[in-house]
Amino acid sequence: MTLDRRSFLAGAAGATATLLGACAAPSSPLPATAAAAPSLAGPAPLPFMIGQPDRTILPKGRAARVVVCGGGWGGLTVAKQLRLKSPDTEVILLERNPVFFSCPLSNKWLVDIVDTQYLTHDYLAVSERHGYRYLQCEVLEVDRDRRRVVTSLGTLDYDHLVLAPGIRYDYERWFGNDRRAIDTTRARYPAAYVSNAEHVALKRALHTFQGGDWVMTLPPPPQRCPPSPYERACMVAWHFKTHGIKGRVTILDHKDSIRPIGAGYRAAFAELYKDYITYVPNAHIQEIDPFNRRIRTAAGDMRFDHAVLMAPHQAGDIAWKAGAIGTNAQGKPTGWTDVDPQMLHLKTDDRVHVIGDAVGQVSPQFMFYPKSAHVANAHGHIVAQYLAERIGGRKPVTALPDNLCYMMVNGSPRQAISVQFDYTLNAQGVIEQQQIDDNDRREELVSENFKWAQLKLNDLFA
Ligand SMILES: Cc1cc2nc3c(=O)[nH]c(=O)nc-3n(C[C@H](O)[C@H](O)[C@H](O)COP(=O)(O)OP(=O)(O)OC[C@H]3O[C@@H](n4cnc5c(N)ncnc54)[C@H](O)[C@@H]3O)c2cc1C
């Protein structure tokens, strides 16, 4: 499973890098029967209906059924790979969004280095191509005792469940139950760390910014894609610099230093953006006032003209609804799922696997896998293989992911830095991590980044 940069590139060169599907218009998930007019003999029975979540969407047949909750990087991978590895298995992917939008590369999209079409992809075409069913719906509840998922379209029974819900923001850590403060923050100063309209709002804010203080609050670990907020800061600063905008990006970091690839980022901040980026470590958030645009932190206070307010991250809603969240020594929720580190199923339920960002602690050495698309994709491959083996009556063999991330730090010339992680199992059965930072910013890494993206997007959508 492990792939170092050199062998990844060799693979990429040989891969058929076809152009991916364009942004598709939202399509109705209703099958033809549901859309048909009622007959004169009375209304035709609908297989499901919005607003009737107690109705069975699709009765379960004899084939093993795997329901995948969440169609992001992990969910799309496991759905396709399972159909390839176990063609008789019925696979149903549940996803709230009508169209896929990639968070990886979205920082480059913010400053028009990649276009919208490159990041958006069609769920229906790929599900049809690989013979799994995509239902656009909201997952409302998971009843693990009855092996049933309740969605906004109706209910679905499963033999195996894969939870791939990504992350959600924990605004309550900042605002308690103050809905007005939460909603105002979301609406005016979105984090744009989950795939939805927040990215569009952030891009609009950047392209209409007239100058002044642009503040970014970085969440405490574990967080989605730790190096990417610094990449975003570089892209915003580069935009200010190239458009003559008198703006300054202040990074309020919860951590005591930049990591990973800290040396590469420090060099970029000092050498490229001395007049544009201020980095503040240990800036634990004490109070945020979105109405008066003020932030109080342990490292000092700040007022801002615009801000990217990134609240702490935790596993996405579905993991909470499935009762999959672990607890700490004090009995409080950890915020992340409680999984068997090697087999990635819940410790309390081996019919439920978790992949991607929602996965909880896997090692006492490094705690969490990096919450990256690369890892979510690798988890998708691994869990598809595990399930194919189990459904086929065989015992799965442990496999571990790897991780590789490229971060652009300069737009002209286009230069990136990168970080790679490899995982091995030691004699005690503990997963160990090796990290290789490539801090030397250069154009070659940008080419590698686009090859990586093409390879991975093909793996999801081709
Ligand atoms: C700015 C930015 C840059 C990044 N850059 C990189 C990079 O360069 N390389 C890299 O490897 N990673 C990168 N990442 C991280 C990467 O995007 C995530 O790690 C990855 O998306 C995780 O995959 P996932 O499947 O766990 O979650 P997601 O891809 O978020 O998928 C979860 C899906 O579940 C759906 N969902 C959630 N709740 C429900 C519900 N109740 N009902 C129905 N559907 C639901 C969501 O709509 C979503 O589609 C970046 C992230 C950001 C924000």
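This note walks through the ligand site, two sets of paired strands and one salt bridge in a predicted model.

1. **The shell around the ligand.** Start with the ligand. It is surrounded by 35 residues. The closest are G74, E95, V139, R224 and D357. By type, the shell divides into 16 nonpolar, 12 polar and seven charged residues.

2. **Polar contacts to the ligand.** Look next at the ligand's oxygen atoms. A polar backbone atom of H374 lies 2.9 Å from one ligand oxygen. S372 also uses its backbone: an N or O atom there is 3.3 Å from an oxygen of the ligand. N97 uses its side chain instead, with an N or O atom 3.4 Å from a ligand oxygen. A pair of N or O atoms counts as a polar contact within 3.5 Å.

3. **Cover and contributors.** How much of the ligand's area does the protein bury? Taken alone, the ligand exposes 1000 Å², and the protein buries 96% of that. Several elements each give two or more residues to the shell. They are helix 3 (73-85), helix 4 (106-110), helix 10 (228-242), helix 13 (373-391) and strand 23 (403-411).

4. **A three-stranded sheet.** Now turn to the strands. Strands in a sheet pair through backbone hydrogen bonds, in a parallel or antiparallel way. Here three strands form an open sheet, in the order 14-15-16, with antiparallel pairing. Strand 14 (285-289) and strand 16 (300-303) are at the edges. Each has a single partner strand, so one side of each has no neighbour in the sheet. On average, neighbouring strands of this sheet are turned by 10° against each other, direction ignored.

5. **Inside that sheet.** Strand 15 (residues 294-297) pairs with strand 16 over four bridges, in the antiparallel sense. Which residue of strand 16 is the bridge partner of I295? The partner is M302.

6. **A hairpin.** Strand 6 (residues 139-143) and strand 7 (residues 148-151) run antiparallel and are joined by four bridges. E141 stands opposite V150 of strand 7. Four residues lie between the two strands of this hairpin. R147 takes a positive phi there, near 50°. V139 links this point to the first one: this residue is among the closest to the ligand.

7. **A salt bridge within a helix.** Side chains of opposite charge can pair when their charged atoms come close. The whole structure holds 25 salt bridges. One of the pairs is R179 with D183, whose closest N and O atoms are 3.0 Å apart. Why are they about one helical turn apart? Because R179 and D183 are four residues apart in helix 8 (residues 179-188).

Key
Residues numbered from 1 in each chain as written. Predicted model: local features only at pLDDT ≥ 70, side-chain atom pairs only at ≥ 80, totals over all residues. Heavy atoms only, no water. Near = heavy atom within 4 Å. Polar contact = N/O pair within 3.5 Å; in protein donor to acceptor, adjacent residues only side chain to side chain. Areas by Shrake-Rupley, 256 points an atom, 1.4 Å probe, with all protein chains shown as cover. Nonpolar A, V, L, I, M, F, W, Y, C, P; charged D, E, K, R; others polar. Pairing = 2+ DSSP bridges. Axes fitted to C-alpha atoms, helices over the stretch in contact; angles between N-to-C directions. Salt bridge = Lys/Arg side-chain N within 4 Å of Asp/Glu carboxyl O.
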